[in-house]
Amino acid sequence: MPANKKYLTPTFLHRFGRITAGFVGGYLVTVSFFLALSFYFEKVSVLFTLVFGGFLVWVGLMIVAFIAKSGWKIWGIYLLLTLFFSAIVYLNQPIPSL
């Protein structure tokens, strides 16, 4: 019995967008999130948490990307989250004195 066409991914680009959002976008969000956390908590503790808990966060974001209906929409969300966490990192950098 063949699969119902409405449940299959329509195009290669749609499937490619979800796969890359899951792997690359999830990784970028995870790393930028833990880097932003390192400015508010002890850096060594955050790095240990990144090593072990970061994998779980990355896998969770990967699952969300595969469940999402649109790969490009999830890419946009992941890029916005990455930019948000990167802005926190950028704004917390110490200003060098002259």
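**View 1. Helix α2 has a bend at G53.** Here's α2, running over residues 43-67 of this predicted model, and it bends by about 50 degrees at G53. That angle is taken between axes fitted to the seven residues ending there and the seven starting there. Helices are DSSP runs (H or I, at least four residues), numbered from the N terminus. Residues are numbered from 1 along each chain as its sequence is written, and heavy atoms alone are used for side-chain values, leaving out hydrogens and water. Since the model is predicted, local features need pLDDT of at least 70 and side-chain atom pairs count only at pLDDT 80 or more, while totals for chains, interfaces and linings use all residues.

**View 2. What's tucked away on α2?** The buried residues (under 20% relative accessible area, 1.4 Å probe, protein chains only) are V46, G54, L61, M62 and A65. Their cover includes α1 (12-37) and α3 (71-91).

**View 3. L61 and its contacts.** Leave aside residues up to four places away in sequence, and L61 touches (heavy atoms within 4.5 Å) G26, V29, T30 and Y78.

**View 4. The largest nonpolar core.** This set of buried nonpolar residues, joined through side-chain atoms within 4.5 Å, has 12 residues, including L61, A65, W75 and F85. Helices α1, α2 and α3 each chip in at least two, and α3 gives the largest share, with 6 residues.

**View 5. V31 on helix α1.** Is V31 buried or partly exposed? V31 counts as partly exposed (between 20% and 50%) because its relative accessibility is 31%.
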